[in-house]
Amino acid sequence: MEESEREVIINASLLDAEKRKFIKKSLVIENGKIVDIKDAVIESENSTDLKGKILLKPFCDYHIHAPGTKLYDLFGINLSEVSTKDYASVIKDYIAKGAKIVRGFGWDIDELETFLVKQNKSPIEFLNEISTDIPIVLFTLDFHSCWCNIAAVDVMRKTSPELFDAGLISSCESGLFHKHVAYSLFKNEALSFTQLEAEEAFLSFQAQAISYGIQEIYGFLFVGIDAARAWKVLQSLENKGLLRIKFNCTYDVYPDDTIEGLAEKIEASKKYVSKHIDFVFAKIYIDGVMENYTALLHEPYNDNNTTGVPNWEEEKLQELVDFFQQNNIPLHFHAIGDKATSMAVNSIVKSKKKSELRNTITHLQLCKDEDLQKMKDNDIVACFQPFWFFSKQEIPKKEIERLGRKRAEQEYPVSKLLDIGGSILFSSDCPVVQNFCPLLGIKIACETQPNAKERIYDYISAYQVGKYVGKSPTLKVGDNASFIILNTSKVEDIIKGKASLERIGF
Ligand SMILES: [Zn+2]
């Protein structure tokens, strides 16, 4: 809203997070602040009557990868909805339009393998048949792996020789590269995106977030562009006055990082801090993912006699955790398997400054009860992605294969943690999900978890701006007049997924 404007809103249903219900109230807004909230209707010449519609603080996505899918939607190809058999024609059509490079994402390792075995081709052969002179670089949906043709490998040889020197790429390649090589391609300016492309993609991503009522994000590993360049993109947009949501950035930590290197990175980030840009977490990947058996488990997988491999030795992990805690930077752990969660929790408990910072663990596919209790006792917040939740009646086949039914039933222990008084945040992990609308996330949590009528207040709160820093989701006098208004007065409509945004006021 405009500065110096006065607005009176009557009959708005406001969330009272402590009483766990919506209560009809009137509010007065002046100069962008809430200056009065009353139970009774406030008489005013031109008030807005919401007729009981729900008015909430804006949403925050507590784990997302900016700019989502936008770089690929606008300046490349998005294969996430394309069937493997159509890859060749989609890529050929894109080249036929005059593309000088093909940058894409969205394929799945298992599906690709099955497809290529049938075709009797190696990954690089398949892409070379499409083109040997236009570079083709295609990432998996999770961006942990990358698939290239010979032209892309040739560009890498010229522009990223260190990957060859270090033996990360050898001469006889299949065209598939994982982790380190895949990430390093975001840094490679010849195969990545330009500053202007990235600026446009960030603005498009921001518009998508705002349309979902999101006013703030906690952004991890950028997609399509490396962190150092992404910070410059955000700064440029801030200088042009174009940022409207708050970007809380993070320091991504890798096993080959040194304490000195990380200290330099932290120092270098300081010049980017501004109204809409901040740095809040250090992100440490403890393990990988269930799909390829890299999630770290206490008991072996159901369909493979391994327990996964940690990305860290305990001593090195502890050294890093202590370093960040001493520098007042809270940690955000990626932990999928139950043993990964144990490692994360124990490293925090052991760390010296444990009580002063709110650390978070994200994903938490499996977690032992004793670790949930330790999380609660040490104010470690669980950052879940409700988009991945499923009900006990509809456990995905793959989960049962990997973990067996008994463990699969225990996945994503959001209810258990809330039952013992633990703290949760919600997020999307976009681009793993592309529709990252918080109202959809809340609906999925309600559908898949028990006791939706009671829990809905926890789920809404888990998405509210300020939740992580301990602010109550209940609007108070003195708060900024930033809010969203839903098209309904009924909380049941949110549970059933019938609610949508009617007004975005920030
Ligand atoms: Zn993520």
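Me: In which sense do β1 and strand β4 (residues 47-49) pair, and over how many bridges?

Reply: Strands of a sheet pair through backbone hydrogen bonds, and the pairing can be parallel or antiparallel. Here β1 and β4 run in the parallel sense, with three bridges between them. I10 of β1 stands opposite D49 in β4. Strands here are DSSP runs of E with at least two residues, helices are runs of H or I with at least four, and both are numbered from the N terminus. Two strands pair if DSSP finds at least two bridges between them.

Me: What should I know about the model before reading on?

Reply: This is a predicted model, where local features need pLDDT of at least 70 and side-chain atom pairs count only at pLDDT 80 or more, while totals for chains, interfaces and linings use all residues. Residue numbers start from 1 along each chain as its sequence is written.

Me: Which residue of β5 is the bridge partner of L14?

Reply: That's L55. β1 also pairs with strand β5 (residues 54-56), in the parallel sense over two bridges.

Me: How many bridges join strand β1 (residues 6-16) to β2?

Reply: Nine, and these strands run antiparallel. To find your place in the ladder, look for V8, which stands opposite V28 in β2. The hairpin of β1 and β2 has four residues between the strands, and R20 takes a positive phi near 55° there.

Me: How many residues lie between the strands in the hairpin of β2 and β3?

Reply: Two, and in this hairpin N31 takes a positive phi near 50°. Strand β2 (residues 21-30) and strand β3 (residues 33-38) run antiparallel and are joined by five bridges. One pair to find is L27 with its bridge partner I37 in β3.

Me: Let's zoom out. How many helices and strands does the protein chain have?

Reply: Count 19 helices and 20 strands. The radius of gyration is 24 Å, close to the 23 Å that the globule rule gives for 506 residues, so the chain is as compact as a globular protein of that length. (The radius is taken over C-alpha atoms, and the rule is 2.2 Å times the number of residues to the power 0.38.) Along the principal axes, the C-alpha atoms fill a box of roughly 75 × 50 × 45 Å.

Me: What percentage of contacts between residues at least 6 apart in sequence join residues at least 24 apart?

Reply: In this chain, 73% of them do. A contact means that two C-beta atoms, placed from the backbone, lie within 7 Å.

Me: Into which domains is the protein chain divided?

Reply: You get domain 1 (6-57 + 488-505), domain 2 (70-187) and domain 3 (286-436). Those bounds come from an automatic or database domain assignment. The centres of domain 2 and domain 3, taken over C-alpha atoms, are 31 Å apart. Four residues of domain 2 are in contact with four residues of domain 3.

Me: In what order do the eight strands of the open sheet come?

Reply: Read it as β6-β12-β13-β14-β15-β16-β17-β18, with parallel pairing. Its edge strands, β6 (59-64) and β18 (424-426), each pair on one side only. At the β18 edge, three bridges join this strand to β17 (residues 381-384). There, C383 has L425 in β18 as its bridge partner.

Me: And in what order do the five strands of the open sheet come?

Reply: That order is β7-β8-β9-β10-β11, and the pairing is mixed. Here the edge strands are β7 (77-78) and β11 (176-178). Strand β10 (residues 145-148) pairs with β11 in the antiparallel sense over three bridges, and C146 stands opposite F177 in β11.

Me: How many of the 11 residues of helix α17 (residues 438-448) are buried?

Reply: A residue is buried if 20 or more other C-beta atoms lie within 10 Å of its own, exposed if 12 or fewer, and partly exposed in between, with C-beta atoms placed from the backbone. In α17 eight residues are buried, so this helix is largely enclosed by the rest of the structure. Among them are L439, I442 and K443. Their cover includes β6, β12 (214-219), β18, α18 (452-462) and α19 (491-495). Over the whole chain, 42% of the 506 residues count as buried.
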